[in-house]
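Q: Please take a close look at a single part of this protein, then carry on from there to its surroundings. I am a first-year student, so define your terms as you go.

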Amino acid sequence: MSALPQYRKHLHPHEKMRAIVIEKYGGPDVLREASVPRPVPTRDQVLVRTRFIGVNPKDIIVRKGKFQVATGRRFPIIIGHDIAGEVVEAGVDADLAVGEAVYGMINDFAGRGYAEYAAVDADQLGRAPTSIDLRVAAAVPLAAQTALQALRDDGHVAQGHEVLINGASGGVGVFAVQIAKILGANVTAVCSHRNIELVRELGADQVIDYGKTELVSLDQRFDAIFDVFGNYRFDKLKHLLKPHGTYVHTIPSARIFKDVARTFVRKQRAKLVIVRSRRSQLDWLRQQIDSGRLRVVLDRSFPLRDVADAHRYMETKRARGKVVLEVD
Ligand SMILES: NC(=O)c1ccc[n+]([C@@H]2O[C@H](COP(=O)([O-])OP(=O)(O)OC[C@H]3O[C@@H](n4cnc5c(N)ncnc54)[C@H](OP(=O)(O)O)[C@@H]3O)[C@@H](O)[C@H]2O)c1
């Protein structure tokens, strides 16, 4: 297959692979299996033989066509961002070797992850943790990097800070609780009654059952509030922030953009996390996982052919931790 130069970014005209594609935006039924050309890595990319794929709410947003401005209307589109697998081909400038086990997140808005192979910029991937298998590693990149960026880079969480995490039992939340603890914070986590024990086990110092306690009525004040579930807004929770506190939201909307802009020079800031995959972050996460400080909570896995069921499950918004697809 390498009659073609490795650095040319295109699809291989002869080799095929199995992928899940959408040919129009819509419900879970638009996801279908197809045989498509296998990508060829550019100079900076590696070709990954994908073993497991992480499912994220972003996949569902893309599938529904909610970000068509970014994802366009040139079908078929392969969606999906989180992958774990082995490098089977490397571009001349890529610093990962053939045979290495890798995990990471594809930064393109639509992704290209729901497939047997993905050509990915090497700096969006990292060496996979060695203490967990690839099924578990595929659950990490998007959610854990979101938590790390929101808390460390946007929220400036540091030793001794008081941190509130709303939506602590979902894909991002389970990492956020643990990462806030690793950064030295005192963590108050918010979830439903059925997840209190899980969130406590992950290290939360206080757990609030949102079915019993209204967040807005809390007496405590926080250095950072990470609204992972995103059902509040800055104005609703501002009174819970300390004078220099930061509120970090996850869902792009006109409202949050306005809040970000109008608090830009204020002491109390509103921010929107926009996750990007970076080697340095994946390496940091690998170290935390391999040293036993960061646990991955896997809710369930589905075979790739049952991807529509995996999406239906995610759409219940009741996942405990992460959901993955197995490329069987
Ligand atoms: N901007 C970015 O870069 C970025 C990156 C990643 C994710 N996100 C967004 O962040 C959000 C969360 O992502 P995720 O992967 O964590 O989602 P998820 O795994 O689907 O979240 C499911 C969790 O939400 C909890 N939940 C449901 N209703 C709740 C409520 N009223 N209050 C608090 N928690 C509630 C559930 O816990 P209970 O069953 O205990 O209620 C469940 O554990 C999504 O909207 C996603 O699109 C944005």
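A: Lys 317 counts as exposed, because it has 10 C-beta neighbours inside 10 Å. The scale runs as follows: a residue is buried if 20 or more other C-beta atoms lie within 10 Å of its own, exposed if 12 or fewer, and partly exposed in between, with C-beta atoms placed from the backbone. This is a predicted model: local features need pLDDT of at least 70, side-chain atom pairs count only at pLDDT 80 or more, and totals for chains, interfaces and linings use all residues. Residues are numbered from 1 along each chain as its sequence is written.

Where is Lys 317? Lys 317 lies in the loop between helix H10 (307–315) and strand S16 (322–326). Helices (H or I, at least four residues) and strands (E, at least two) are DSSP runs, numbered from the N terminus. The phi of Lys 317 is near 55°, a positive value in a residue other than glycine. Most residues other than glycine have a negative phi, and most peptide bonds are trans.

His 156 also has a positive phi without being glycine, near 50°. His 156 sits in the loop between H4 and S9. His 156 is partly exposed, because 15 other C-beta atoms lie within 10 Å. Then there is a cis peptide bond, from Phe 75 to Pro 76, with omega near 0°. Pro 76 belongs to the loop between helix H2 (68–71) and strand S4 (77–78). Glycines take positive phi values here too: Gly 65, which follows H1, has one near 85°, and Gly 292, just after H9, has one of about 85°.

Now to helix H9. At 1.5 Å a residue, its 12 residues (279–290) should span 16 Å, and the end C-alpha atoms are indeed 16 Å apart, which agrees. The expected span is 1.5 Å times one less than the number of residues. Which residues of H9 are buried? They are Gln 281, Leu 282, Leu 285, Arg 286, Gln 288 and Ile 289. Seen down the axis of H9, these buried residues fall within an arc of 165°, so they line one face of the helix. The arc is that of the directions from the helix axis to the C-beta atoms. An α-helix has 3.6 residues a turn, so residues three or four places apart point the same way. On the other side of H9, Ser 280, Asp 283 and Gln 287 are exposed.

What covers the buried face? The cover of the buried residues of H9 includes strand S6 (101–105), strand S8 (125–127), H4 and H5. Ile 182 is found in helix H5. Leaving aside neighbours within four places in sequence, Ile 182 is in contact with Gln 288, Arg 293 and Leu 294. Two residues are in contact if their C-beta atoms, placed from the backbone, lie within 7 Å. Ile 182 itself is partly exposed, because it has 16 C-beta neighbours inside 10 Å. Ile 182 and Gly 171 are 11 residues apart along the chain, and 18 Å separate their C-alpha atoms.

Gly 171 leads to the ligand. 32 residues surround the ligand, and the closest are Pro 57, Gly 170, Gly 171, Ser 192 and Thr 250. A residue is near a molecule if its C-beta atom, placed from the backbone, lies within 6 Å of it. Helix H1 (57–64), helix H4 (141–154), helix H5 (171–182) and strand S10 (186–191) each give two or more residues to this shell. By class, the shell has 15 nonpolar, 13 polar and 4 charged residues. Ala, Val, Leu, Ile, Met, Phe, Trp, Tyr, Cys and Pro count as nonpolar, Asp, Glu, Lys and Arg as charged, and the others, Gly among them, as polar. Pro 57 is also one of the buried residues of H1, which include Lys 58 and Asp 59.

Last, the overall layout. The protein is divided into domain 1 (10–140 + 296–326) and domain 2 (142–272). These bounds come from an automatic or database domain assignment. The centres of the two domains, taken over C-alpha atoms, are 28 Å apart. In the contact between them, 11 residues of domain 1 meet 10 residues of domain 2. The touching side of domain 1 has 4 nonpolar, 4 polar and 3 charged residues. The shell around the ligand draws at least three residues from each of the two domains.
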